[in-house]
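Colleague: Hey, got a minute to walk me through this one? I'm new to reading structures, so plain words please.

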Amino acid sequence: MPSNPTEAATTMSESKSLNACVPVNKLSAEILDEIFELVILSWDPKDFHRRDVMGNHWQRRDLMLVSKAWHQRILFNPKLWAQVFLNAGPLYSDDDLKNVYGILGRNLEKSGQRMRTLHLSSPGMVDVENAKSCGARDVLTIDPMISLPGLADFILSISNWQEVYIDLKDYPDFASKIFDTNSKPGNTWRSLQTLILESEYPPDEDGEGPHADVGKVRMTRANFPALRNVSLNIPCCYLNVWSLPWAQLRTLSLKDLFAETSDYLTILGDCAALEVLEVEYYPTDSDWTPNKQALITRVPRLRIVSIGGSGKNTTRLLLDQLNLPSLHSFTFSGDAEETAFRTSFLKLLKRSSVQPSTVRLEITEGSLKGMSTAFLE
């Protein structure tokens, strides 16, 4: 430690001189930008624990604290603000969240970057203050759930999202709060191309999964003109009350939804442009059963199909009612009786006027794993 003011001044001067000579401080702005982009953008966006409430992930926040020059360089680099992460959880006060949205909005405005991607976790929180007096109870929790203060308004205030990934956690109804353009029309989603909604729920008191209604959602083509890719993995979503612009979708993934086979077929009948389909479902004994008078559902551009699930009627319910003239690849990972599967699959190909030798069939899991595909040759 310096023993007098003169020595302290000398030490500080030497420190500044040394700092100025550090090689990293002599890097050009272009090289710094490349380093920042590599550090900040090169990671798995689903790695939630590396996100913070400020809409940054830790690397971006820490790098901005190194120096004023680095702060400015990162702040005004649009690429570094192309992805926004929000993982507030229930641990922040209303004032904290207001500051979050304010700071994030100002940073984005300064950077000049129109927001492109939103990754959101934990959109809901327990309403502790009103838990005892509130008569209504969310079926997923003991206490009622409310959306994080200001979150829906903040999301809806942005007019150019391109990709949205939301882990709905214990608050599935949040989807209806921001996507139901029947009640909230506007320009928020006009640039949205990809929508991914997922959720994991704890078992209820009986050990069974939750049975919560995710709510009605109406997405019109007028409000979602750019939407092309949709993935819904929400166990408590009743598919028949969701209205999406199915006709314009290119890829569609539907997993673990509350839906009968007829619901899937109705949707596929509207998917005139669909090229890739992934379905995982579990038909029940009360599910719709095809008959000779049933209409065949034609999906003209569907090339790649992946079907998973269980139940003896899985293949019969879907394959026997489809016409896929562009079919190129088919993956099956469910349970089915081998003879019934072969029969249904060959009928599908014949109905679709597709030569068996041109289709790639893969059995990845389930009771048919290891089954020979020689019958297609």
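**A walk through the model**

Modeller: Sure, let's start with one side chain: Phe341 has a relative accessible area of 0%, so it counts as buried. Keep in mind that this is a predicted model.

Colleague: Okay. Which residue forms an aromatic pair with Phe341?

Modeller: That's Phe332, and the pair is tilted, with 5.1 Å centre to centre and 40° between the planes. Phe332 is buried as well, with a relative accessible area of 1%. The two also belong to one aromatic cluster, which is formed by Phe330, Phe332, Phe341 and Phe345.

Colleague: Nice. How many aromatic pairs are there by this rule?

Modeller: The count comes to six. Another one to look at is Phe179 with Trp189: the ring centres are 4.8 Å apart and the planes sit at 40°, so that pair is tilted.

Colleague: And where do Phe179 and Trp189 lie?

Modeller: Phe179 is in helix H7 (residues 174-179), while Trp189 is in the loop between H7 and S6, so the pair ties together parts that are 10 residues apart in sequence.

Colleague: Are Phe179 and Trp189 buried or exposed?

Modeller: Both are buried.

Colleague: Let's zoom out. How many helices and strands does the protein chain have?

Modeller: It has 10 helices and 16 strands. The chain is 377 residues, and buried residues make up 43% of them. Here's a number about the fold: take contacts between residues at least 6 apart in sequence, and 71% of those join residues at least 24 apart.

Colleague: What order do the strands of the open sheet have?

Modeller: There are 10 strands in that open sheet, and the order goes S1-S2-S5-S6-S8-S10-S11-S13-S15-S16, with parallel pairing.

Colleague: Which strands stand at the edges?

Modeller: Strand S1 (83-86) and strand S16 (360-363). Each has a single partner strand, so one side of each is left without a neighbour in the sheet. As for the twist, the average is 5° from one strand to the next.

Colleague: What actually holds strands together, in general?

Modeller: Strands of a sheet pair through backbone hydrogen bonds, and that can be parallel or antiparallel.

Colleague: Can we look at S6? Which strands does it pair with?

Modeller: On the list are S5 (residues 163-167), which pairs with S6 (residues 194-198) in the parallel sense over five bridges, and S8 (residues 229-233), which pairs with S6 in the parallel sense over five bridges too.

Colleague: Give me some residues I can click on.

Modeller: Between S5 and S6, try Val164, whose bridge partner in S6 is Leu195, and Tyr165, whose bridge partner in S6 is Ile196. Towards S8, the bridge partner of Leu197 is Leu232.

Colleague: Why is S6 largely enclosed by the rest of the structure?

Modeller: Because four of its five residues are buried.

Colleague: What about Ser199, where does that lie?

Modeller: Ser199 is in the loop between S6 and strand S7 (217-218). With a relative accessibility of 7%, Ser199 counts as buried. Leaving out residues up to four places away in sequence, Ser199 touches Asp167, Leu168, Lys169, Asn233, Ile234 and Pro235.

Colleague: Now the helices. Which strands does H8 lie across?

Modeller: Helix H8 (residues 261-270) lies across strand S10 (251-255) and strand S11 (276-281), and its direction is at about 170° to S11.

Colleague: And how do H2 and H4 cross?

Modeller: The axes of H2 (residues 29-41) and H4 (residues 68-75) come within 11 Å and cross at roughly 70°. The two helices are therefore roughly perpendicular to each other.

Colleague: Which residues meet there?

Modeller: From H2 you get Ala29, Leu32, Asp33 and Phe36, and from H4 you get Trp70, Arg73 and Ile74. Sorted by class, that contact has five nonpolar, no polar and two charged residues.

Colleague: One last stop: is Asp153 buried or exposed?

Modeller: Exposed, at 59% relative accessibility. Asp153 has its place in helix H6 (residues 151-156). Its C-alpha atom is separated by 8.5 Å from that of Ile178, and those two residues are 25 residues apart along the chain.

Colleague: Great, thanks, I'll go and click through those.

Note on methods:
Residues numbered from 1 in each chain as written. Predicted model: local features only at pLDDT ≥ 70, side-chain atom pairs only at ≥ 80, totals over all residues. Heavy atoms only, no water. Pairing = 2+ DSSP bridges. Axes fitted to C-alpha atoms, helices over the stretch in contact; angles between N-to-C directions. Contact = heavy atoms within 4.5 Å. Phe/Tyr/Trp six-rings, centres within 6.5 Å; stacked < 30°, edge-to-face > 60°. Buried < 20%, exposed > 50% of the residue type's maximum accessible area, 1.4 Å probe, protein only. Parallel < 35°, antiparallel > 145°, perpendicular 65-115°, else oblique. Nonpolar A, V, L, I, M, F, W, Y, C, P; charged D, E, K, R; others polar.
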